Amino acid sequence: MRFAIEEINNNTDLLPGISLGYNIYDTCSSIVKSIKVALALNNGNDNVTSTSDKPCTRPVQVQAIIGENSSSSSTAITTVLGPFHIPLISHFATCACLSDKSKHPSFLRTIPSDYYQSRALAHLVKHFGWTWVGAVRTNDEYGNNGMATFTETAQQLGICLEYSVSFFRTDSTEKLQRIIDIIKASTSKVIVAFLTPREMEMLIHELSLHNLTGYQWVGSESWIFDSQIATMDTNHILDGAMGLFIPKAHVSGLKEFVLNVKPLNSSNNDLFTEFWEALFSCKFKQSQSEEIQTECTGQEDLTGVENSFTDMSLMPILNNIYKGVYAVAHALHNILKCSKSCNNSVQFDPFMILHHIRNIHFKTKDGEEVYFNENGDPAAKYKIINWQPRDNSIVDFVSVGLYDASLPADKKLNLHNKTFIWAGSSKQMPVSVCSEKCPPGTHKVLQKGKPVCCYDCVRCAEGEMSNVTDSITCVRCPLESWSNERRDACVTKKAEFLSYEEIMGILLTTASLFGTCLTAVVALIFFRYRKTPLVRANNSELSFLLLFSLTLCFLCSLTFIGRPSEWSCMLRHTAFGITFVLCISCVLGKTIVVLMAFKATLPGRNVMKWFGPTQQRLTVLAFTFIQVIICILWLTISPPFPSKNFKQFKDKIILECALGSAVGFWSVLGYIGLLAMLCFIFAFLARKLPDNFNEAKFITFSMLIFCAVWITFIPAYVSSPGKFSVAVEIFAILASSFGLLICIFIPKCYIMLMKPEKNTKKNIMGKGAQLSLALKS
């Protein structure tokens with residue numbers, strides 16, 4: 001502070017013609033002494049010491065107070081001086097509670113709030129995967145508030161505290177022993193310490209007595225950069241400790257000023273004399289009651305001393321004091337409206353000074369920005385420190401990263417690519433979890449009475465899965481998902497259905513397309529020879545309709561191949577049912593025509609007038625319409641739908657079309673079977689009717705094949721597993737379609753193409769001229 005004030009007083013640009021004065025008091029970290037000094041300053045008792053008994057009676061003259069370094073003392077001072085609006089600018093009080101302007105309106109600081117530090121520590125712990133930690137704190141505002149914020153953030157990040165204990169420097173040794181016992185009994189390997197240096201020294205002493213090493217310490221800024229604590233840690237308890245500290249700072253000229261300090265030349269001999277005697281272990285005046293020590297000369301060389309004072313390791317803290325003094329100077333500069341000179345007639349008011357300090361924004365001579373937010377806090381930036389011991393028992397405070405609270409969440413924490421030293425000087429990062437991660441195929445079950453980080457890994461039940469680590473619950477195995485046959489991991493469970501890519505699907509598709517093409521060729525041949533007696537004698541209209549329906553029968557088998565979907569499941573069975581009924585209706589119509597034609601040749605019978613072309617069309621339409629009604633009812637009430645069969649195979653999921661309504665399915669098949677039986681009976685009755693080319697014989701053979709195929713289909717379909725049941729159904733469709741096509745049409749095509757001499761009216765009439773005439777369409 002003295003360096004900053006002397007620099008300001010020698011600066012012609014800042015407060016020109018104005019000299020700042022100051023008093024320095026040592027409160028010895030005592031809250032009572034802090035309050036007493038604050039009251040003395042408030043009443044203008046310039047010469048009061050921390051132990052003075054003089055009454056505080058004079059009016060206020062102090063413009064601002066720089067200090068205290070502890071949160072508890074700062075809280076006490078700002079509570080007392082708050083109503084007077086005297087600014088208190090702390091360089092090391094970090095308690096987040098001091099940001100509450102309703103309770104501490106005159107408090108400001110040049111060090112970030114613990115609100116940010118606590119959250120940064122939680123994110124640091126989470127980054128290393130430590131979800132099971134212990135916590136020790138100082139039982140004051142600094143420790144309690146800092147740990148409260150850490151605990152809240154840790155819970156949000158999924159970190160659990162196995163224990164959280166507190167103590168104060170005045171507590172009994174029995175309480176410290178209880179804390180040691182808790183640490184001994186714990187299973188966590190990481191300890192977060194929100195302690196002041198005094199409490200940390202006490203804890204290290206007790207831990208050394210019990211030789212409790214091997215714990216990974218994570219510390220707050222108050223002790224993580226303290227070289228005295230590192231020096232007293234002779235048992236290497238804190239080796240590898242991690243923590244946060246104020247970023248490295250540089251104040252040009254400060255080191256030279258510090259190393260040039262001479263106690264006899266200082267403005268406060270008592271304070272500097274005490275400091276000098278402690279620094280060089282000497283005495284200026286020997287006392288008879290004290291042990292004789294080396295006499296101080298006042299000319300000792302500071303450059304030969306190695307400690308935190310001379311090596312400038314505390315430069316960031318000194319920089320905070322420096323910025324606090326300059327903040328007051330800039331505020332006074334603005335109040336006095338200084339340019340080349342200042343307006344000395346301005347009457348100072350504490351609230352006016354506080355208002356201007358809150359609103360200052362300037363850069364130091366080294367380019368560092370200084371400003372306060374609405375809570376009186378500066379920007380929150382920390383460097384991440386790692387204790388790395390050297391061979392000579394000296395600890396290096398190595399900066400391994402940065403934490404900037406002003407950046408986006410995913411960029412706040414930035415660790416450098418450096419080698420870390422962990423607990424026990426190990427290069428292997430410690431693991432601190434209550435329970436190991438649950439592998440895929442298992443899920444977490446919380447242990448009763450323990451935090452959420454403690455759980456058991458339970459294997460998923462049959463038919464359920466978890467394909468991620470640390471799954472909270474298992475779910476039903478979805479399509480192409482996972483199987484839990486193994487306890488250590490999930491394995492892929494293949495989905496099975498009849499696809500176009502496999503050999504069976506390719507063969508069936510080929511057969512279906514071949515049947516379609518063959519039917520088209522037959523239709524072309526019939527169309528080419530449509531005016532010949534053979535085509536005309538066998539009811540050409542029904543023949544072409546039958547060929548069209550057979551084409552649809554071949555094509556409908558394709559709907560059974562491929563991944564089942566909602567539309568394909570509804571289409572495959574209904575299309576199959578309707579096309580086959582249309583096909584059988586045409587065959588049945590042709591069979592009835594043959595029988596009616598025979599009846600028409602008998603004397604006195606004129607049956608054909610009741611079953612002419614119009615009646616034939618209506619018959620086909622009526623039979624098909626009944627099947628359409630059945631399919632509509634089926635689709636309306638309970639349609640087929642895609643389903644996944646997990647039970648039939650343990651290593652596969654069968655994708656299939658559930659029938660929806662079994663009654664609907666068997667009604668469709670039953671109706672087809674009924675028409676097929678009627679057609680077979682009529683064709684069987686007409687098989688010996690006189691004609692050189694009796695179509696009833698071929699219909700009989702085709703119906704025999706049709707019925708044989710579908711009778712054998714039922715047991716084969718029921719007993720076939722998975723996709724093979726679909727293949728059986730497709731085979732039945734194709735076999736019965738080929739049977740109808742070959743038995744009814746191929747003989748005619750053979751006559752038309754290979755034996756055209758037989759495709760005459762005379763040959764077809766043969767002995768049954770009247771029958772042949774009746775068969776003409």
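Mentor: A residue is called buried when its relative accessible area is under 20%, exposed when it is over 50%, and partly exposed in between, using a 1.4 Å probe and protein chains only. The model is predicted: local features need pLDDT of at least 70, side-chain atom pairs count only at pLDDT 80 or more, and totals for chains, interfaces and linings use all residues. Residues are numbered from 1 along each chain as its sequence is written, and side-chain values use heavy atoms, with hydrogens and water left out.

Trainee: What makes Glu-199 buried or exposed?

Mentor: Its relative accessible area is 0%. The limit for buried is under 20%, so Glu-199 counts as buried.

Trainee: Why is the contact of Arg-169 and Glu-199 called a salt bridge?

Mentor: The term requires a side-chain nitrogen of Lys or Arg within 4 Å of a carboxyl oxygen of Asp or Glu. Arg-169 and Glu-199 meet at 3.0 Å, N to O, so the pair satisfies the rule. Arg-169 lies in the loop between β5 (160–167) and α6 (173–185), and Glu-199 lies in helix α7 (residues 197–210), so the pair ties together parts that are 30 residues apart in sequence. Helices (H or I, at least four residues) and strands (E, at least two) are DSSP runs, numbered from the N terminus.

Trainee: How many salt bridges are found by this rule?

Mentor: The count comes to ten. Among them is the pair of Glu-7 and Lys-365, whose closest N and O atoms are 2.2 Å apart. Glu-7 belongs to helix α1 (residues 2–9) and Lys-365 to the loop between β11 (361–363) and β12 (369–371), so this bridge ties together parts that are 358 residues apart in sequence.

Trainee: Why are Glu-7 and Lys-365 placed in their accessibility classes?

Mentor: Glu-7 has 18% relative accessibility and therefore counts as buried. Lys-365 has 43%, so Lys-365 counts as partly exposed.

Trainee: What is known of the salt bridge between Glu-368 and Lys-323?

Mentor: The closest N and O atoms of Glu-368 and Lys-323 are 2.8 Å apart. Glu-368 lies in the loop between β11 and β12 and Lys-323 in helix α12 (residues 315–335), so the pair ties together parts that are 45 residues apart in sequence. Glu-368 is partly exposed at 29%, whereas Lys-323 is buried at 9%.

Trainee: Why is Leu-633 called buried or partly exposed?

Mentor: Leu-633, found in helix α18 (residues 613–637), has 49% relative accessibility and therefore counts as partly exposed.
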